[in-house]
Amino acid sequence: MATIIITGANGSLAIPAVQHLLSKSPEYTAVLTVRNAEDTDPNTKRLREVIAKFPKAQASIRQLDLADLSAVHEFSSTIATEITEQKLPPLAGLVCNAYYWNLVGDPEFTGDGYEKTVQVNHVSHVALVLRLLGSFRAEGGRIVLFTSDAHMDGVNGLQKYPPSIPDDLNSLLKAAPETDKFGHGFHRYANSKLAILMWTYALNRHLEKDEDLKRITAVAIDPGNLTDSRALRTNTPKFLHYIQKFALQPLRPLLRLHDSTLRSATDAGVDVMELATNKAFPGERGYFKLLKREPSSKDSLDENKQQKLWVKSAEWAKITKENTALASSI
C-alpha cells in the first residue's frame with residue numbers, strides 16, 4: 001500500500017489520470033488536491049463523480065491553493081503527520097500537475113508577493129516536493145513534474161519572446177504591466193516551464209547523492225499539446241477558443257499527421273499515471289516528451305544555472321534544513 005498525491009486533480013489531464021489510477025492500480029491511495037473542494041466548482045464535481053465509480057477506492061479530495069505558500073506548508077505538514085500516524089500509507093508518487101497562466105491580463109501577484117504564474121507552477125511545487133521527501137516509502141517512488149515545449153525557443157506557436165532564466169533570478173518573481181499581454185503572459189508561463197525542468201535536473205542530482213532518498217526519481221514530462229484542454233479557454237483570448245473549437249478538436253486526426261504532439265487529455269493522463277506508478281521507465285530520471293526520451297533545450301542543461309536556481313527556489317519556497325529530508329543540499 002502506498003499513496004499518490006496529484007495537485008490540480010480536477011484539471012483536464014488530471015481527471016482521466018485519476019480514473020486510470022483507480023481502475024488500473026487500485027492498490028494505491030489517492031490524495032487529490034484542488035483549489036476549490038466544493039461541488040460548486042463543476043470540475044471538482046466531475047472529479048467526485050469519477051471517484052464514485054470506484055466505491056472501493058481509497059481516495060480523498062483535499063483543498064490546496066498553490067498561490068498561498070503557507071497553505072502548501074500546512075498541507076505538507078498534515079500529510080507528513082498522517083503518514084507518520086499511519087492514517088495514510090507512505091508516498092509512492094507525487095504528481096505536480098496544477099498550473100496557472102494568464103494571457104489576457106496584467107501580471108498578478110500572490111499574497112506572498114510573487115508573480116502568480118511562477119509561484120503556482122514552480123515555487124509552490126518546490127515547497128511541496130521538498131517538504132514531503134521524507135514521507136516516501138523506503139523503496140522510493142516517483143515525482144512527476146510538468147514542463148512543456150514552451151521551454152524551447154522557437155517551438156511553440158504561441159511564443160513571441162524566447163524563454164530564458166535571467167541572471168537575476170529574483171526577476172522571475174516580478175513583472176510589470178505590458179501592452180502585449182498575450183506575448184508577455186505566455187513568456188511568464190514558458191519561463192516557469194523552463195525553471196521546472198532545470199530544477200528537476202538539479203533535484204535528481206541531489207537525490208542520487210543521498211543514501212536515504214536515492215531511490216526516489218524525478219521526471220519532467222512535456223505531455224503534448226492537448227487539443228481538448230480547458231487551458232485553451234482559461235485566461236486566453238477568444239481566438240484560441242475558436243481555434244480549439246473549429247480546428248484543433250475536429251481536425252486533430254488530420255493535424256496529427258503533421259504534429260504528433262497533438263493529442264487528447266485522456267491519452268496524456270494515462271502516460272502521466274504510468275510514470276507516476278513507475279510502470280513506465282521504472283527507476284529512470286529526467287526529461288520526457290510524451291513517453292519518449294528526447295533531448296531538452298540547450299539552456300535547460302546548464303548545470304551552473306540549474307544549481308543557482310535550486311538554491312534560489314528553496315529560498316523562495318521557504319525551505320530550510322529543518323523542514324526537508326534533503327537537508328544536506330539546502
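Contact here means heavy atoms within 4.5 Å. The model is predicted. On that contact criterion, helix H5 meets helix H9. The H5 side of the contact consists of Ala 195, Met 198, Trp 199, Tyr 201, Ala 202, Leu 203, Arg 205 and His 206. The H9 side consists of Glu 303, Lys 305, Gln 306, Gln 307, Leu 309, Trp 310 and Ser 313. By class, eight residues of this contact are nonpolar, four are polar and three are charged. The axes of H5 and H9 come within 8 Å. They cross at roughly 90°. H5 is therefore roughly perpendicular to H9.

A second helix pair involves H1 (residues 14-24) and H8 (residues 265-276). Their axes lie 7 Å apart, and the packing angle is about 50°. Because of that angle, H1 is oblique to H8. The crossing of H1 and H8 is right-handed. H1 contributes Pro 16, Ala 17, His 20 and Leu 21 to the contact. H8 contributes Ala 265, Thr 266, Gly 269, Val 270, Met 273 and Glu 274. Six residues of the contact between H1 and H8 are nonpolar, three are polar and one is charged.

Helix H3 spans residues 69-84 and has 16 residues. From its first C-alpha to its last, H3 reaches 23 Å, close to the 22 Å expected at 1.5 Å a residue. Its buried residues are Leu 69, Ala 71, Val 72, His 73, Phe 75, Ser 76, Ile 79, Glu 82 and Ile 83. Both strands and helices cover these buried residues. The strands include E1 (2-6), E2 (28-34), E3 (58-63) and E4 (91-96). The helices include H4 (116-132) and H9 (303-316). H9 thus appears in the cover of H3 and in the contact with H5. Just after H3, Gln 86 takes a positive phi of about 60°.

Leu 158 lies outside these helices, in the loop between strand E5 (141-146) and helix H5 (181-209). Leu 158 counts as buried because its relative accessibility is 18%, and the cut-off for burial is under 20%. Leaving aside residues up to four places away in sequence, Leu 158 touches Trp 101, Phe 182, Phe 186 and Leu 240. Among these partners, Phe 182 and Phe 186 fall within the residue range of H5. Arg 137 is 21 residues from Leu 158 along the chain. The C-alpha atoms of Leu 158 and Arg 137 are separated by 41 Å.

Technical notes: Residues are numbered from 1 along each chain as its sequence is written. This is a predicted model: local features need pLDDT of at least 70, side-chain atom pairs count only at pLDDT 80 or more; totals for chains, interfaces and linings use all residues. Side-chain values use heavy atoms; hydrogens and water are left out. Helices (H or I, at least four residues) and strands (E, at least two) are DSSP runs, numbered from the N terminus. The expected span of a helix is 1.5 Å times one less than its number of residues. Buried means under 20% relative accessible area, exposed over 50%, partly exposed in between (1.4 Å probe, protein chains only). Axes are lines fitted to C-alpha atoms, for helices over the stretch in contact, and angles run from 0 to 180 degrees between N-to-C directions. Angles under 35 degrees count as roughly parallel, over 145 as roughly antiparallel, 65 to 115 as roughly perpendicular and the rest as oblique. A crossing is left-handed if the near helix is turned anticlockwise from the far one by less than a right angle, and right-handed if clockwise. Ala, Val, Leu, Ile, Met, Phe, Trp, Tyr, Cys and Pro count as nonpolar, Asp, Glu, Lys and Arg as charged, and the others, Gly among them, as polar.
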